[in-house]
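Q: Could you take a close look at one spot where two helices from separate chains meet? I'd like to know how they cross and what sits between them.

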Amino acid sequence: MAISQIAKAQPAEMADTMRSNGKIYVVVGVVTLIFVVLFTYLMLLDRRLSALEKNDKTS
Amino acid sequence: MWSVFPSRSSCFHTFGANKKNGTLKLPFALKIASIILVFFALIAGFLVDVPRLDILNETIRNLFFHVTSWFAMVFLFIASFGYSIHYLNTGNAKSDLLAKIFVQTGMVFGVAGLSTGMLWAQYTWGSYWVPDPKLNGAAVALLAYLAYVVLRNSMTDELARAKVSAVYNIFAFVMMVIFIFILPRMTSSLHPGNGGNPAFSSYDLDNSMRIVFYPATIGWILLGLWISELKYRIETLHKKDEEFSNASPIHLDGD
């Protein structure tokens with residue numbers, strides 16, 4: 001009802017339903033989680049490399 | 001904070017050289033900034049209000065991901081270009097290594113830009129590949145950089161390889177500028193900002209999109225620098241290791 005009124009007022013179709021029922025936050029949550037894992041992995045690699053450099057210097 | 005074109009004296013200030021042990025590190029603050037900005041781009045990119053346009057619809061949000069990866073690629077190629085010039089000026093082997101790494105990381109972002117662009121084109125322009133000067137130009141530019149990698153790998157003499165690839169890198173950079181930024185502007189292109197128009201005045205970038213787009217660009221660029229830094233550190237360690245294993249038999253003979 002309200003959505004169809006918005007759709008009539010606005011010519012271009014957008015994902016208004018997904019926004020109004022909050023499902024868009026599920027998508028944002030999934031993408032955020034994936035990148036949390038990726039950045040954690042990148043940080044771990046960075047730290048491991050720092051440890052290797054430290055070893056390399058002392059040896 | 002850093003200069004894109006490294007000067008003779010401070011070539012490693014791009015990364016902030018650690019003078020104590022001679023390693024090259026991207027400041028930790030910039031890594032944190034990269035994480036924050038990329039997350040801002042991801043979250044705000046989905047949630048920010050965007051203009052309602054026909055055909056584009058919600059795909060206009062691809063601007064935060066597709067265009068930013070091209071920007072990251074161009075930035076990394078500029079850095080590589082700068083280090084190649086620096087190499088030719090000074091003969092510093094580190095600059096040659098950095099030039100190579102920036103090309104490699106830049107190409108990753110370029111492939112990301114090309115493939116995301118193809119997907120976007122399918123749903124807005126109707127085909128994965130359209131005969132658009134910007135598309136073909138981007139493909140040619142990426143091939144020019146692919147040739148850089150092939151050229152490097154084809155040479156075994158380190159000094160010759162460094163010199164020839166530095167000179168070729170300058171050529172590849174000019175090719176990229178011509179094929180991505182000049183030629184598409186001289187003819188009509190489906191991409192916004194082409195066909196004689198300067199890039200940003202004709203973008204359908206309203207203010208809410210700019211607020212996400214610019215931080216997103218900086219975030220992806222910093223991520224590119226971070227990955228390049230890791231690659232540089234790995235290759236430096238690898239080199240040291242090789243030198244060590246080459247030197248050790250002599251040492252053992254001495255015993």
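**Where H3(A) meets H1(B)**

A: Sure! H3(A) and H1(B) cross in a right-handed way. Keep in mind that this is a predicted model. Helix H3 of chain A covers residues 24-58, and helix H1 of chain B covers residues 28-47. Their axes lie 9 Å apart, and the packing angle is about 165 degrees. Because angles over 145 count as roughly antiparallel, H3(A) is roughly antiparallel to H1(B).

So who does the touching? On the chain A side, H3(A) brings A:Ile24, A:Val27, A:Val28, A:Val31, A:Thr32, A:Phe35 and A:Phe39. Facing them, H1(B) offers B:Ile35, B:Val38, B:Phe39, B:Leu42, B:Ile43, B:Phe46 and B:Leu47. Sort the residues of this contact by type and you get 13 nonpolar, one polar and no charged. Have a look at the numbering, too: an α-helix has 3.6 residues a turn, so residues three or four places apart point the same way.

Now step back to the chain that H1(B) belongs to. Chain B has six helices and zero strands, so reading from the N terminus its elements simply go α-α-α-α-α-α. Of its 255 residues, 38% are buried. Take the chain B contacts between residues at least 6 apart in sequence: 71% of them join residues at least 24 apart.

One more helix of chain B is worth a glance. H3(B), residues 93-124, has 32 residues and spans 46 Å from first C-alpha to last, close to the 46 Å expected at 1.5 Å a residue. After H3(B) comes B:Gly126, with a positive phi near 95 degrees.

How values were computed:
Residues are numbered from 1 along each chain as its sequence is written. Chains are lettered from A and ligands numbered from 1 in the order in which they are written. This is a predicted model: local features need pLDDT of at least 70, side-chain atom pairs count only at pLDDT 80 or more; totals for chains, interfaces and linings use all residues. Axes are lines fitted to C-alpha atoms, for helices over the stretch in contact, and angles run from 0 to 180 degrees between N-to-C directions. Helices (H or I, at least four residues) and strands (E, at least two) are DSSP runs, numbered from the N terminus. Angles under 35 degrees count as roughly parallel, over 145 as roughly antiparallel, 65 to 115 as roughly perpendicular and the rest as oblique. A crossing is left-handed if the near helix is turned anticlockwise from the far one by less than a right angle, and right-handed if clockwise. Two residues are in contact if their C-beta atoms, placed from the backbone, lie within 7 Å. Ala, Val, Leu, Ile, Met, Phe, Trp, Tyr, Cys and Pro count as nonpolar, Asp, Glu, Lys and Arg as charged, and the others, Gly among them, as polar. A residue is buried if 20 or more other C-beta atoms lie within 10 Å of its own, exposed if 12 or fewer, and partly exposed in between; C-beta atoms are placed from the backbone. The expected span of a helix is 1.5 Å times one less than its number of residues.
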